[in-house]
Amino acid sequence: MTRHALRPRVTTAVVTLVLALAAALLGAGTGSPARADGGWWDPADRPGPDSQINVAGEPFRGTGPDGTVRGFVDAHNHLMSNEGFGGRIICGRTFSEKGAPEALKDCPEHYPDGSLALFENVTGGADGHHDPVGWPTFRDWPAHDSLSHQQNYYAWVERAWRGGQRILVNDLVTNGQLCALYPYKDRGCDEMESVRLQARETYRLQEHIDRMYGGAGKGWFRIVTDAGQAREVVAQGKLAVVLGVETSEPFGCKQVLDVAQCDRDDIDRGLDELYDLGVRSMFLCHKFDNALCGVRFDEGTTGTAVNIGQFLSTGTFWTTQKCTGPQHDNPVGAAAPAEAAALLPEGVQVPSYDADARCNVRGLTGLGEYALRGMMKRNMMLEIDHMSVKAAGRALDLLESEAYPGVISSHSWMDEQWTERLYRLGGFVAQYAHSAEDFVEAGRRDAALRDAHGAGYAYGTDMNGVGGWPAPVGEDAPNAVRYPFRSADGGAVLDRQVTGERTWDLNTDGLAHNGLVPDWIEQMRLSGGQDVVDDLSRGAESYLGTWRATERHRPAADLAAGVPATASSSESNPFTDYGPARAVDRDRNTRWASDWSDDQWLRLDLGAVRTVGRVTLDWERAYARGYRVEVSADGTDWRTVWSTTAGDGGLDTASFAAVPARYVRVHGTERGTKYGYSLHEVGVFGS
C-alpha cells in the first residue's frame with residue numbers, strides 16, 4: 001500500500017516535533033485456552049465476545065504465618081492514558097460495556113492503512129503503515145514496538161493478576177503541550193481535567209468488573225486508598241489498584257519565562273482534590289521544568305525534541321551546569337533536526353551543551369518544597385523519578401530531615417546512586433520492564449541493598465506509557481518460554497494468550513501487552529533469575545510496608561525549638577543579629593553566623609536530659625565541609641555521635657543510635673567556603 005499524503009494543516013515540522021516529544025513523554029503459534037475453573041475468580045457474566053484469559057487454577061490468597069502477604073507489584077502503569085493527551089495518542093480503550101470489539105478499535109485517522117497514524121509511524125514498528133483492525137484479527141497491534149495502541153485491555157490486566165500480580169499503580173498521565181501540538185484530538189488539553197477523567201474511568205472500570213461478578217465489591221479489581229485496605233485485598237487474592245499522578249504541570253504549576261503560574265493556594269487545593277479522588281502517590285515534575293522542580297533530561301534526538309517542547313510551553317530551554325557530586329542527569333541531545341528547529345521563532349536556536357555539564361541547574365523550588373511538605377502533611381508518597389539530580393537531592397534531604405519513608409522510584413528514571421538513600425528512608429524501588437536478562441542483571445545489582453534493608457522488588461511496566469517493551473527472543477532461544485507453564489507460585493497453569501483470532505506468544509511477540517507479564521516473569525526464571533523472581537514475590541509486602549509507614553508518619557517534636565543557644569563566636573554586623581539564638585528561632589529568614597575560621601561551634605541546651613537520635617542542619621551558603629555532632633549530659637564531657645568530612649551544604653540530617661543528652665553541639669572542623677559557618681536552623685529529635 002502507498003502512504004497517503006498528510007493533510008495540509010499538518011506541517012512536517014509539527015509532526016516531527018510532536019512525535020518525538022510524545023515518545024519521550026509517556027517515556028504466534030496456536031494456543032489452546034485453559035479451561036474455565038468455575039471458582040470465585042471466574043466471572044458469571046463476561047461481556048461477549050471478549051478476550052480469553054488462558055489461565056487455569058485458583059489465584060493464591062491468604063497470608064504467611066507472620067501475617068505477610070506475597071505477590072508481584074507493577075509500580076508504574078497507565079491504565080487510562082487513552083483518555084489523556086487529547087484522546088488520540090493511545091488508540092483503543094481499557095474496557096467497554098459492549099466488550100472487546102468496541103473497546104479494541106484503532107483511532108479514526110489510522111484507517112484505512114495507518115498512513116495517517118502520525119505518532120505510530122515515527123515511533124513504532126509500522127514502517128509508515130499498519131493494519132488498523134484490532135478485534136478480531138489484531139494483525140499489527142498491540143505489539144512490543146507499537147507505542148500508540150492499547151496494552152491494558154481489562155482482560156489482559158486480569159491475566160497479569162491471575163499470574164501472580166497483586167498490586168498495580170495506575171498513574172494518571174497526560175501532557176498539555178503535547179495535546180496542544182498534536183493535530184488529532186477530541187477533547188481539551190487541561191491536565192487536571194484529564195486527571196479527573198482518568199480517575200473517573202478507573203472507578204468505572206471497577207464497577208464494570210464488579211457487574212461481571214454479581215455486584216459491588218465482588219470483582220477482582222479493587223481501588224484502594226490506604227495500606228490496610230490494600231493488604232486485605234491482597235490477602236483475598238485480588239488486585240489492589242493504587243492511583244498515582246504523572247503530569248508535567250500538576251495543579252497548573254507550569255513556569256513561563258521563569259515565572260510560576262501557580263501559588264500555594266493552588267497547590268493546597270490541588271493536593272486536596274487529588275487526595276479526595278483517591279490519589280496516594282505522585283510526581284512533582286515530568287519531562288518539562290515546571291514551577292515545582294527541574295527534570296532529569298531525556299537523551300539524544302528525543303531529548304532535543306522535549307527541550308524544544310519545553311521552550312514552546314515555557315519560553316525557556318534546559319540549562320545545564322557541572323554536577324557537584326557523583327550523580328548526574330542524562331546528557332542532553334545534540335542539535336535539533338531541521339524540521340523541528342523550524343518550529344522555533346525566528347532567531348531562536350536550541351542551545352549547545354558542554355559534554356561535562358550534565359546536571360540541570362533547576363532543583364526543587366520554594367513552591368516545590370511547599371508541595372512536598374503538603375504531600376507529607378497528607379501522608380502521600382513522592383515519586384522521585386524524572387526529578388533532576390539537584391531536585392531529587394533536595395527532596396531526599398527534606399525527607400531525611402523528617403524521617404519520612406514515603407518515596408518511590410517506580411521505573412528506572414532515578415540516578416541509581418540514590419538507591420541506598422531511598423532504602424534507608426524505607427522507600428520502595430522498581431525497575432523498568434527491560435528484557436528478562438537485563439531485568440535479572442539489574443535485580444542482582446541491588447540485591448545486597450534489598451537484603452540489608454529487608455526490601456522486596458518490583459517492576460514498572462509503563463504499559464500505555466510509550467516506552468517500548470522487550471522484543472521477542474525467538475522460539476529456539478535458551479530462555480524461550482515453553483507453553484503451558486506454571487505460575488511463579490505454582491498454583492496456576494498458563495497457556496498462550498488468545499484474544500479474538502490472534503494468539504500471542506512471548507517468544508515470537510515480545511511483551512506486547514499486559515497479559516504477557518506472567519510469561520515475561522517465567523522468562524526471567526528461565527534466564528537464571530529465580531532469586532530475582534523470589535524477590536519480586538516479596539514486592540507486595542515491601543510496597544505495603546512503605547505505604548503503611550508513610551501513613552503512620554507523624555512529625556517528631558523538635559527538642560531544640562527556642563532553647564538556649566551559645567556559640568564560640570558570632571559574626572558582628574551593626575544591622576543584623578547573627579547570634580546563636582537565630583539557629584533555633586524557627587525562622588528560616590534568620591541565621592547564626594560564626595567568625596571566619598575553622599574551629600567553631602554552636603551549643604544547644606535542651607533543658608533536661610532527653611533521648612536524642614537525629615539532628616538536622618539547614619546550612620546557609622557558608623557551610624561546613626567537616627564537622628561533628630557531639631552530645632553531653634553535663635555540658636563538660638562531650639562525645640561524638642556523628643561526623644563527616646564531606647559536607648556539601650544544603651539540608652543535612654545526622655542520624656545515629658539514640659543516646660541520652662541534655663546538650664547538643666555542632667562543632668565545625670573545616671569550612672566549605674572562605675567565610676565562617678552559617679546555619680538557618682538546627683533541629684534535634686528523638687530516635
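This talk describes selected features of a predicted protein model, from its strands to its disulfides.

Good morning. I shall begin with strand β3, which spans residues 165–174. Is this strand buried or exposed? Of its 10 residues, 10 are buried, so the strand is largely enclosed by the rest of the structure. Strand β3 has a parallel partner in β2, residues 72–77, and four bridges join the two. One pairing to look for links Asn77 with Asn170, the latter lying in β3. Strand β3 is also joined to β5, residues 239–247; here there are eight bridges, and these strands again run parallel. Within that pairing, Val169 has Val242 of β5 as its bridge partner.

Let us turn to the backbone. As a general point, most peptide bonds are trans, and most residues other than glycine have a negative phi. Where does this model contain a cis peptide bond? One such bond runs from Tyr111 to Pro112, with omega near 5°. Pro112 belongs to the loop that connects α2, residues 100–103, with α3, residues 118–123. Another cis bond joins Trp135 and Pro136, and its omega is about 0°. Pro136 sits in the loop leading from α3 to α4, residues 154–162.

Two residues deserve attention for their phi angles. Asp258 is not a glycine, yet its phi is positive, at about 70°. This residue lies in the loop between β6, residues 255–256, and β7, residues 259–260. Asp258 has a relative accessibility of 52%; the threshold for exposed is over 50%, so Asp258 counts as exposed. His386 likewise has a positive phi, near 80°, without being a glycine. The loop that holds His386 lies between β11, residues 381–383, and α12, residues 389–401. Is His386 buried or exposed? Its relative accessible area is 1%, and His386 is therefore buried.

I now come to the disulfides. A disulfide is a covalent bond between the sulfur atoms of two cysteines. How many are found in the whole structure? The search finds five. Counting the bonded cysteines along the chain, their pattern is 1-2, 3-4, 5-6, 7-8, 9-10.

I shall present three of these bonds. Cys179 is bonded to Cys189, with a sulfur-to-sulfur distance of 2.1 Å. The two cysteines are 10 residues apart: Cys179 is in helix α5, residues 176–181, while Cys189 is in the loop between α5 and α6, residues 191–212. The torsion about their S-S bond is about -70°, which means that this disulfide is left-handed. Cys179 is buried, at 1% relative accessible area, whereas Cys189 is partly exposed, at 25%.

Cys253 and Cys262 make another disulfide, with sulfur atoms 2.1 Å apart. The angle about this S-S bond is 105°, and the link is right-handed. Both Cys253 and Cys262 are buried.

Cys285 and Cys293 are also joined, again with 2.1 Å between the sulfur atoms. Their S-S torsion is about -120°, so this disulfide is left-handed. Cys285 is buried at 1% relative accessibility, and Cys293 is buried with a relative accessible area of 1%.

Finally, I mention an annotated region. An unreviewed UniProt entry carries the annotation "domain: F5/8 type C" for residues 552–687. How much of this stretch is helix, and how much is strand? The chain there is 1% helix and 51% strand, and the C-alpha atoms at the two ends are 15 Å apart.

Thank you for your attention.

Terms used:
Residues numbered from 1 in each chain as written. Predicted model: local features only at pLDDT ≥ 70, side-chain atom pairs only at ≥ 80, totals over all residues. Heavy atoms only, no water. UniProt positions renumbered as here; feature names shortened; annotations may be inferred. Buried < 20%, exposed > 50% of the residue type's maximum accessible area, 1.4 Å probe, protein only. Pairing = 2+ DSSP bridges. Disulfide = S-S within 2.5 Å.
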